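Subject: Structure handover

Hello,

Please find the structure below. My notes on what was found in it follow.

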Amino acid sequence: SSKNPSSHHPSFTNNNTQDSSPITLNQLIQKLPPLLNSQNTKLQQMSIQERIHFDTTIRGTDADAVNQLFGRLDLTTTKEECWKKYAWFDASKNYTRNLIATDDETFTLLLLCWNADRESP
């Protein structure tokens, strides 16, 4: 039998299920900090067992509101210019980590640019 990962902690799901419209990169950057702050507050109130359950069962799934937000990021209609300014490559490295945004508290959003024919060590 399959379990609903959000059944133990429904507060981690996106309560506004009607708001599934695509968002831009700028909208993601605006919406992410308050969502992470809310989630972190709830996590701090949990027991260690509840946190382990969240990390192993909910985080990164469709029941995770942060994952839902990233899922709304519209990459198909986002103009290349939106990403191009972050896409820097260093031929001397396998990949380059390029900062898109951070609030220095809850998140750092990076674009990893891999050089052709390179792989992770």
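Two strands are taken as paired if DSSP finds at least two bridges between them. Strands S1 (95-102) and S2 (108-114) are joined by seven bridges and run antiparallel. Within this pairing, leucine 99 stands opposite leucine 110 of S2. Please keep in mind that this is a predicted model.

Overall layout

The chain holds four helices and two strands, and from the N terminus on the order of elements is α-α-α-α-β-β. Of its 121 residues, 29% count as buried. Taking contacts between residues at least 6 apart in sequence, 63% join residues at least 24 apart.

The hairpin

In a regular strand the side chains alternate between the two faces of the sheet. S2 shows this alternation: Leu109, Leu111 and Cys113 point to one face and are buried, while Thr108, Leu110, Leu112 and Trp114 point to the other face and are not buried. The hairpin of S1 and S2 has five residues between the strands, and aspartate 104 there takes a positive phi near 60°. Aspartate 104 is not a glycine, and it counts as exposed because its relative accessibility is 70%, above the 50% cut-off.

Aspartate 117 also has a positive phi, of about 60°, without being a glycine. This residue sits in the segment after S2 and is exposed, with a relative accessible area of 82%.

Aromatic residues

How many aromatic pairs are there? The count comes to one. It is formed by tyrosine 95 and tryptophan 114, whose ring centres are 4.6 Å apart and whose planes are at 35°, so the pair is tilted. The tilted class takes angles that are neither under 30 degrees nor over 60. The pair links distant parts of the chain, with tyrosine 95 in strand S1 and tryptophan 114 in strand S2, 19 residues apart. Tyrosine 95 is partly exposed at 31% relative accessibility, and tryptophan 114 is partly exposed at 35%.

Tryptophan 88 lies in the loop between helix H4 (80-84) and S1. Is tryptophan 88 buried or exposed? At 57% relative accessibility, tryptophan 88 counts as exposed. Leaving aside neighbours within four places in sequence, tryptophan 88 is in contact with Thr96, Asn98 and Cys113. The C-alpha atoms of tryptophan 88 and asparagine 98 are 6.8 Å apart, although the two residues are separated by 10 places along the chain. In addition, a polar atom of the tryptophan 88 side chain lies 3.1 Å from the backbone oxygen of lysine 85.

Nonpolar cores

In soluble globular proteins, nonpolar side chains tend to be buried together. The largest nonpolar core here has 15 residues, and those with the most contacts inside it are Leu25, Leu28, Leu32, Ile100, Phe107 and Leu109. At least two residues of this core come from each of H1, helix H3 (65-71), S1 and S2. H1 gives the largest share, four residues. Leucine 28, apart from its neighbours within four places in sequence, is in contact with Ile23, Leu69, Phe70, Leu73 and Leu109. There is also a second, separate core of five residues, which includes Leu43, Met46, Phe54 and Ile58.

Helix H2

Which residues of helix H2 (residues 48-58) are buried? They are His53, Phe54 and Ile58. Seen down the axis of H2, these buried residues fall within an arc of 100°, so they line one face of the helix. An α-helix has 3.6 residues a turn, so residues three or four places apart point the same way. The buried residues of H2 pack against helix H1 (25-44). On the other side of H2, Ile48, Gln49 and Thr56 are exposed. Two of the buried residues, Phe54 and Ile58, are also among the members of the second core. After H2 comes glycine 60, with a positive phi near 85°.

Regards

Technical notes
Residues numbered from 1 in each chain as written. Predicted model: local features only at pLDDT ≥ 70, side-chain atom pairs only at ≥ 80, totals over all residues. Heavy atoms only, no water. Buried < 20%, exposed > 50% of the residue type's maximum accessible area, 1.4 Å probe, protein only. Arc of directions from axis to C-beta. Contact = heavy atoms within 4.5 Å. Core = buried A, V, L, I, M, F, W, Y, C linked by side-chain atoms within 4.5 Å. Phe/Tyr/Trp six-rings, centres within 6.5 Å; stacked < 30°, edge-to-face > 60°. Polar contact = N/O pair within 3.5 Å; in protein donor to acceptor, adjacent residues only side chain to side chain.
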